[in-house]
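The exercises below are meant to be worked with the sequence and the coordinates open side by side. Try each task before reading the solution that follows it.

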Amino acid sequence: MSHYLSVGNVPRKRHTQHRSPAGTLYHEELMGEEGFSSDSSLLYHVGVPSALVDARPWELPDHSTAANRPLLPRHLKLHDLFPGPGGQGADAVTGRRLVLGNGDVRIAYVAADRPSPLYRNATGDECVFVESGSATVETVFGDLQVAAGDYVILPRATTHRWVPDGPHPLRLYAIEANSHITPARQFLSRHGQFLEHAPYCERDLRVPTAPRVVDEENVEVYVKHRGSGPGGPAGTVHVMPHHPFDVVGWDGCLFPYAFNIADYEPITGRIHQPPPAHQVFEGAGFVVCNFVPRKVDYHPMAVPVPYYHSNVDSDEVMFYVGGDYEARKGSGIGPGSVSLHPGGHAHGPQPGAVERSLGAEFFDELAVMVDTFRPLELGEAGQAADDGVYAWSWSQGAAPA
């Protein structure tokens, strides 16, 4: 991004001496992408950011996956994974359950009712959507206050933790990349500024508060990192001699931020707009789109719901957050549902949805869509949440004998 920030106490020139009032040197850390060739920030630590006093393996939650075979569209009921009003003793990091995944992206879900440990995802950026609840996301850059409808973008290797602060559990839909996540390139200039036709812009992004210096010793940080085999990521707990939140200032173009889906201005037209018009973020091998309350197609003969389409090059994953999704009436899908429409299967409105939509002027729906360009497999949570009947819903519920 071309969005530059300077926060707190930084020296006038980079890579020069920067001292505390007591005369001790601060420790400059470059956090950068693509080997010094892309966005970066410089952070100034009180302590040495590389210092460790101990380490041990961290056994990650189950990251195994199973192929979507036989190939079927599926309805996954994520609220069934964490039923009831509470979070059942889960935190936003170690309590995540894997729903879907491939070599480019993993989608997990959690209902958290307690603070997470300090956490650093070294496999890729995270895009975490807050379905409900509120929290403080404490980071090495400063804090973000987040609530329902917020996307939280956390660059790879950002040390942070989630602290729920509301009366209800924090329900999170976590999109974990094996790459970096950026705003949709179609809405950016060649220098990275949001263009005039973009559905959101820099003013809509919320950035961290000033960083803090926490005086604490022998602090554990849970690190998800690249594994050495085909089984996916691995985990390690690093024990640091001092708290990693010891930054007095930072500057650059790489930092966590929040963006609320209510600030997304939908692009509409006389006839149905395809999903790229609704895109918000992208990573290597996938895109993220919003479907928000909006005025719908206003051609006098328009069909407002989507036409049937085959995902020739991608799998489509829709997470339903709120409202009344017109194309899925009669399929049992509602808030907390995920629909998986795999490449190789044509999908579209449920029977009767097209006729019901004719003449509609407004859709009150809220959903987050992830399209991937490699097939998705089912995680343990995806298998547990599958309703087992969605595939037959276009045939009026007639399941095979």
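**Exercise 1. Establish the accessible surface and the overall dimensions of the protein.**

Solution. The accessible surface of the protein amounts to about 17600 Å², and carbon and sulfur atoms hold 52% of that area. Keep in mind for this and every later step that the model is a predicted one. Next, take the extent of the C-alpha trace, which along the principal axes spans about 75 × 45 × 40 Å. For 401 residues a compact globule would have a radius of gyration near 21 Å, and the protein has 22 Å, which agrees. Then turn to burial: 52% of the 401 residues are buried. Finally, among contacts with a separation of 6 or more, 75% are between residues 24 or more positions apart.

**Exercise 2. Count the helices and strands, then find which strands stand at the edges of the open sheet of 8 strands.**

Solution. The protein contains 2 helices and 30 strands. As a reminder, strands of a sheet pair through backbone hydrogen bonds, either parallel or antiparallel. In the open sheet of 8 strands the pairing is antiparallel, and the order reads β5-β30-β7-β8-β15-β10-β13-β20. The edges are formed by β5 (65–66) and β20 (257–260), each of which has a single partner strand, so one side of each is left without a neighbour in the sheet. For β5, follow the pairing to strand β30 (residues 377–379), to which 2 bridges join it in an antiparallel arrangement. Within that pairing, Thr65 has Gly379 of β30 as its bridge partner.

**Exercise 3. Classify the ring pair of Tyr200 and Phe281, and decide whether each residue is buried or exposed.**

Solution. Begin with the count of aromatic pairs, which comes to 15. For Tyr200 and Phe281 the ring centres are 6.2 Å apart and the planes stand at 75°; because planes over 60 degrees apart count as edge-to-face, this pair is edge-to-face. Now place the two residues: Tyr200 belongs to the loop between β16 (182–183) and β17 (217–225), while Phe281 belongs to strand β21 (residues 279–283), so the pair ties together parts that are 81 residues apart in sequence. With the cut-off for buried at under 20%, Tyr200 at 2% relative accessibility counts as buried, and Phe281, at 0%, likewise counts as buried. To complete the picture, note that ring pairs link Tyr200 and Phe281 into a cluster with Phe129, Tyr151, Phe194, Phe259 and Tyr264.

**Exercise 4. Identify which residues touch the most other members of the largest nonpolar core, and list what Phe281 is in contact with.**

Solution. The largest nonpolar core has 85 residues, of which Leu78, Tyr151, Trp162, Tyr173 and Phe281 touch the most other members. Strand β8 (residues 105–112) supplies the largest share of this core, with 7 residues. Leaving out neighbours within four places in sequence, the contacts of Phe281 include Cys127, Tyr151, Ile153, Ile181, Tyr200, Tyr257, Phe259, Val287 and Val288. Apart from the largest core lies another, of 11 residues, among them Met318, Tyr320, Tyr325 and Trp394.

**Exercise 5. Describe where Ala360 is found and which residues it touches.**

Solution. Ala360 is located in the loop between α1 (353–357) and β28 (362–363). Its relative accessibility is 24%, so Ala360 counts as partly exposed. Setting aside residues up to four places away in sequence, Ala360 touches Val296, Asp297 and Pro304. As a last step, compare chain and space: Ala360 and Val305 are 55 residues apart along the chain, and their C-alpha atoms are separated by 9.5 Å.

How values were computed: Residues are numbered from 1 along each chain as its sequence is written. This is a predicted model: local features need pLDDT of at least 70, side-chain atom pairs count only at pLDDT 80 or more; totals for chains, interfaces and linings use all residues. Side-chain values use heavy atoms; hydrogens and water are left out. Rings of Phe, Tyr and Trp (its six-membered ring) pair if their centres lie within 6.5 Å; planes under 30 degrees apart count as stacked, over 60 as edge-to-face and the rest as tilted. Helices (H or I, at least four residues) and strands (E, at least two) are DSSP runs, numbered from the N terminus. Buried means under 20% relative accessible area, exposed over 50%, partly exposed in between (1.4 Å probe, protein chains only). Two strands pair if DSSP finds at least two bridges between them. A nonpolar core is a set of buried Ala, Val, Leu, Ile, Met, Phe, Trp, Tyr and Cys residues joined through side-chain atoms within 4.5 Å. Contact means heavy atoms within 4.5 Å. The radius of gyration is taken over C-alpha atoms; the globule rule is 2.2 Å times the number of residues to the power 0.38. Accessible areas come from the Shrake-Rupley method with a 1.4 Å probe; for residues, only the protein chains shown count as cover.
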